[in-house]
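Please open the structure in your viewer and keep the sequence panel at hand. The tour proceeds by selections, each followed by a description of what is found there.

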Amino acid sequence: MKRTFVVHHAKSGVVALNVISAAVQDRARVVFARDASDLIRALREPLARGERPVAGWSFYSPDFPAMALDLERVKAQAPGALHLAGGVHASAEPLQTLRAGFDLVAVGEGESTAVRLIAEGEDAQKIPGLSWLEDGRLRSNGPGERRPLDDFPAFNASAGKWNAIEITRGCVYACSFCQTPFMFKARFRHRSVANVREHIRWMKRDGIRYMRFLTPTCLSYGSSDTSVNLAAVEDLLAAVREEMPEGKIYFGTFPSECRPEHLTAEALRVLRRYVDNTGLVIGGQSGSERLLRETHRGHGVAEVIAAVRLSVEAGFRPDVDFLFGLPGETAEDRAQSLALARRLIAMGARVHSHAFMPLPGTPLRGAKPVPLDAASMRELERMESAGAMYGQWRKHQEISAGLVALRAQRTRA
C-alpha cells in the first residue's frame, strides 16, 4: 500500500514542497493541506487506517516560530504522524527544528531523501540527508544527495501545482548574507534545455501560457564560473519561445535577478529579443565599495551604474536591490548608498529596498544588524511616496529582530 504524504502547503515552503511532492507523486498518496486545520483532517484519515503518514513541512527562517506553533497544534490533534521538516531554516538549524517537535529534518536537497523515506520506506537512520534526536542529542547522516536537476521535476504537474522552473541551483558568488550558496554549495548546476522544454509542454497541456524561472543569477545559466555563457542563455530562451510562441517569457525578474556586471549591451540585446518583461531586477545591494567587498559581492558601484544605464538604453526599467543595515554599516556607508539610490532613480531606475536579516546558515548569521536611523528612514519614505522605491524594509527589520531573538533562545538552550 502506498504511504500517505501530507504536505503543509503554506507560507514560504510552497515551491520546495511542490518539488518534493512531485518526486514521490507516483509512488505515494500525496495530499495538499492549506493550513494546520486542513493538515489535521488529512492526517486523521490514514491514522484511522492504522497507517503512519508523513507530514511534510518546509519554511524559511522568518516563518519558523509560526510553523512551530502549527506543529504543536497538529501533533496534539492528530497524534502519531511522522513530521519531516526541510528547507533552508531546517537545514541550517536542525537541532533547533527538532527540539521544536519535528521528528526528522531533511538537510540540504530533499528530493532523493524524500524518495527513499516516503516512496521506498527505508529506515530513516540509514538515509543520507536526515537528522533526528537520540536521547536529546542531534544525530545526522549528513546532507542529502545532490543530483542533476533533470532527475526530478521542477513542479508537481500531476497535482496542478505550478511554480517558476528552477534552471540553476547553487551559486558561485557566496555573498555572505545569502543562504543559497550555503544551502546548495557554491557551484552552479543547471537544468538542461531539453528538460525545460518538457516542463513547458506539461504547462501548456494545463493551459499555462507564461513562464518564469528560478535562479540566483539569470545570466549565469550554462556557466560553471563567474563568466557569462550568452550562447547557452540564448539557446534556453529561444527554445522556450519555440515551445510557447504566443506565451509570455519573464526572465531577469522575480523570482530571480541579474548581476550588474553581466548586463552588457550584447546580453541586453539577447534579452530584448526574447523576453516579455519590461523591467529587470539588478542586485546592487550597497553604494559602499567597502561593504560590497566585505560581503563578497564580486562587483563595485561602477558596475551597478553601468548596468542601469545600459538597461535603460535597451528599453528596460531597472529595479535595483539595496540592502540597508548591513553589519558594520556606518553613517558614511549609508550616505553612499542613499546617494547612489538617488543617482540611479534620476537615471530611470527604481529602488527595491531591503533591510539586513541575519539568516541562519550564512556567514553573517551571528552578526548584529545596524538599525536604520530616523533621517535615513525619512528619506526612504520620501522615495516611496514619489513612486521611486518599493520594498519590505520595514517588515525585514521586524523579521531581523525576531531572528536575533531566536538566536538568543538557541544560545540559552
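The stops below concern a predicted model.

**First stop: His8.** Select His8, which belongs to strand S1, residues 4–8. Is this residue buried or exposed? His8 has a relative accessible area of 2%, and because buried means under 20%, His8 counts as buried. Now display its surroundings: leaving aside residues up to four places away in sequence, His8 touches Leu17, Ala33, Asp35, Ala36, Leu39, Gly56, Trp57, Met67 and Asp70.

**Second stop: the ring cluster.** From that contact list, keep Trp57 selected. Add Phe59, Phe64 and Phe102, since ring pairs link these residues and Trp57 into a cluster.

**Third stop: a sheet of three strands.** Select S8, S11 and S12, which form an open sheet in that order with parallel pairing. Strand S8 (165–166) and strand S12 (248–250) are the edge strands; each has a single partner strand, so one side of each lacks a neighbour in the sheet. Next, restrict the view to S8 and S11 (residues 210–214), where 2 bridges join the strands in the parallel sense. Here Ile165 is found opposite Phe213 of S11.

**Fourth stop: aromatic pairs.** How many aromatic pairs does a search of the whole structure find? The search returns 7. Keep Phe213 and add Phe251: their rings form an edge-to-face pair, 5.6 Å centre to centre with 75° between the planes. Phe213 lies in strand S11, whereas Phe251 lies in the loop between S12 and helix H10 (265–274), so the pair ties together parts 38 residues apart in sequence. Phe213 is buried at a relative accessible area of 1%, and Phe251 is also buried, at 1% relative accessibility. Then move to Phe322 and Phe324, whose rings are stacked, with 6.0 Å between centres and 15° between planes. Both Phe322 and Phe324 are buried.

**Final stop: helix H14.** Select residues 374–385, the 12 residues of H14. From first C-alpha to last, the helix reaches 16 Å, close to the 16 Å expected at 1.5 Å a residue. Colour Ser376, Glu379, Leu380 and Met383, the buried residues of H14. Why do they line one face of the helix? Seen down the axis of H14, the buried residues fall within an arc of 100°, so they share one face. In general, an α-helix has 3.6 residues a turn, so residues three or four places apart point the same way.

Finish at the two ends. Asp373 caps the N-terminal end of H14, with a side-chain oxygen 3.3 Å from the backbone nitrogen of Ala375. After the helix comes Gly387, which has a positive phi near 75°.

Note on methods
Residues are numbered from 1 along each chain as its sequence is written. This is a predicted model: local features need pLDDT of at least 70, side-chain atom pairs count only at pLDDT 80 or more; totals for chains, interfaces and linings use all residues. Side-chain values use heavy atoms; hydrogens and water are left out. Helices (H or I, at least four residues) and strands (E, at least two) are DSSP runs, numbered from the N terminus. Buried means under 20% relative accessible area, exposed over 50%, partly exposed in between (1.4 Å probe, protein chains only). Contact means heavy atoms within 4.5 Å. Two strands pair if DSSP finds at least two bridges between them. The expected span of a helix is 1.5 Å times one less than its number of residues. The arc is that of the directions from the helix axis to the C-beta atoms. A polar contact is a pair of N or O atoms within 3.5 Å; within protein, one must be able to donate a hydrogen and the other to accept it, and residues adjacent in sequence count only if both atoms are side-chain atoms. Rings of Phe, Tyr and Trp (its six-membered ring) pair if their centres lie within 6.5 Å; planes under 30 degrees apart count as stacked, over 60 as edge-to-face and the rest as tilted.
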